[in-house]
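Visitor: Could you take me on a close look at one part of this protein, the place where two of its domains meet? I would enjoy a connected walk through the contacts there.

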Amino acid sequence: MRAYDLIKKKRDGGALPTEEIDAFLEAFTSGEVPDYQAAALLMAVYFRGLTPTELSAWTSAMLQSGDVLDLSDIPGRKVDKHSTGGVGDKVSICLAPLVAACGVRVPMISGRGLGHTGGTLDKLRSIPGFRVDLGVERYRELIGEVGACLVGQTDRLVPADRKLYALRDVTATVESIPLIAASIMSKKLAEGIDGLVLDVKVGSGAFMKDVGSARELAQTMVGIGRSMGKQTVALLTDMEQPLGRTVGNALEVIEAVDVLQGRGPDDLVEVTLALGEEMLSLADVARGTPARDLLRRAIEDGRGFEKFQQIVRAQGGDAAALEDGCRGLPHAALRRPVAATEAGVVVAIDAELVGTAAVALGAGRERIDDEVEPAVGIVLDRKVGESVAAGEPLCTVHGSDEARIGRAIALLDEAFTLGDAAPEARPLILERLV
Ligand code: URA
């Protein structure tokens, strides 16, 4: 394999044979192929795409670059959910325990925040003591004993993706549907799952801004899952405005606990139940009772919350911190309302701007090595369709530093659009793809 020949073939629109893709990704992961040649090939893929055969070979080669976990000795079907990322998307935190409380094993490996979108790991780290850096042995134990775990990527799973993703990030080649699909699916398939539910977010707060590109990404990922023998379902869900009413790490954990305690906001509850139904059905645990009823029961009788506390304890966290309205989680020292200057009805909330405001407060990272502040964030006092009088708050900023709060408020002032009448309600679940 000569890297030069592969780059030229892809540049000119040719298809790469499986053996060449394997050899290239192996040589890149081991450091034999330099970054500049890998970057050139990534750019050629960005413009030329990958055929289904190439995509399957690319994903398999990424998967085989590290450990592929085998959980087959643990009884029961293992089903995970992956979201392509949004603003206020704390679904994993309530969904994993809820689904586990219904008898499904949920091995969930999550990421940290990316750009304006928050990451599950950053949110969970706001629980005192909670560890996400557990080794493979502990991961296996938790799935066997507790039924779920919420951890971060290890160095040994898909090392090719870590190197490729870093290179894509600095060579303007992230936004390629085959490269995104291979990156996400290789990491999910390395977890040892039997089934996967994909939540592909669409709208101003998502990486996919329109339904067409979200559908193409979803179809591509479902196709990869199927070609690898894993049951895969994708829902396209709305991310035109933030999900729920909180954005920011500890604030989002509090809202996820609200869902588990039966007082979550309608949109967050709906997306959680819709994804949960799919997970229960892939795990084949519903058996005659509608999956939604099982999930609702696990909320009503407290089993979902108990399971979350069990996960938190098993991962070294202080489960008591989640009691009495999450009194033990960090709370911000400063609160500043962002008031409406006139009366009206909220007709749009730009989710990307709200996410960027949360990052400005310190809830996410502006540089790769920034420390995330657990307590800061934004509470949305009004959502789309709700009316506000002049001087009433549209949202409340929770911060730790006046300069950062000022930057966030400037962005939030732009994020809300008021009108005379409520817009037609948008469906939360836009499409289902299998
Ligand atoms: N998330 C990933 O894991 N990979 C991508 O390429 C994009 C988003």
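Guide: Happy to. Let us start with the polar contacts: between domain 2 and domain 3 there are 13 residue pairs in polar contact, counting pairs with both residues at pLDDT 80 or more. That confidence value comes with the territory, since this is a predicted model. On the domain 2 side of this meeting place, strand 6 (246-247) and helix 11 (249-260) each supply at least two residues that face domain 3. Helix 11 gives the largest share of that side, with three residues. Sorted by character, the residues on the domain 2 side comprise seven nonpolar, eleven polar and seven charged.

Now for the wider setting. The protein is divided into domain 1 (3-49), domain 2 (79-322) and domain 3 (334-419). Between the centres of domain 2 and domain 3, taken over C-alpha atoms, the separation is 25 Å. Counting residues in contact, 25 from domain 2 meet 27 from domain 3. The size of an interface is often given as the accessible area lost when the parts come together. For domain 2 and domain 3, the area buried between them is about 1800 Å², and 50% of it lies on carbon and sulfur atoms.

Charged pairs also bridge the two domains: four salt bridges are found across the interface of domain 2 and domain 3. A salt bridge you can locate in the model joins Asp 122 and Arg 365, whose closest N and O atoms are 2.9 Å apart.

For the structure as a whole, the count of salt bridges is 31. Among them is the pair Lys 90 and Glu 255, with an N to O distance of 2.6 Å. This pair links distant parts of the chain, 165 residues apart: Lys 90 sits in the loop between strand 1 (79-83) and helix 5 (91-101), while Glu 255 belongs to helix 11. So helix 11 appears twice in our walk, supplying residues to the side of domain 2 that touches domain 3 and holding Glu 255.

One last stop is the ligand, which has Tyr 165, Arg 168, Ile 180, Ser 183, Ile 184 and Lys 187 around it. An N or O atom in the Arg 168 side chain is 2.9 Å from an oxygen atom of the ligand. Lys 187 places a polar side-chain atom 2.5 Å from a ligand oxygen atom, and a polar side-chain atom of Ser 183 is 2.6 Å from a ligand nitrogen atom.

Conventions:
Residues are numbered from 1 along each chain as its sequence is written. This is a predicted model: local features need pLDDT of at least 70, side-chain atom pairs count only at pLDDT 80 or more; totals for chains, interfaces and linings use all residues. Side-chain values use heavy atoms; hydrogens and water are left out. Domain bounds come from an automatic or database domain assignment. Contact means heavy atoms within 4.5 Å. Buried area is the accessible area (1.4 Å probe) that two parts lose on being put together, summed over both. A salt bridge is a side-chain nitrogen of Lys or Arg within 4 Å of a carboxyl oxygen of Asp or Glu. A polar contact is a pair of N or O atoms within 3.5 Å; within protein, one must be able to donate a hydrogen and the other to accept it, and residues adjacent in sequence count only if both atoms are side-chain atoms. Helices (H or I, at least four residues) and strands (E, at least two) are DSSP runs, numbered from the N terminus. Ala, Val, Leu, Ile, Met, Phe, Trp, Tyr, Cys and Pro count as nonpolar, Asp, Glu, Lys and Arg as charged, and the others, Gly among them, as polar. A residue is near a molecule or strand if one of its heavy atoms lies within 4 Å of it.
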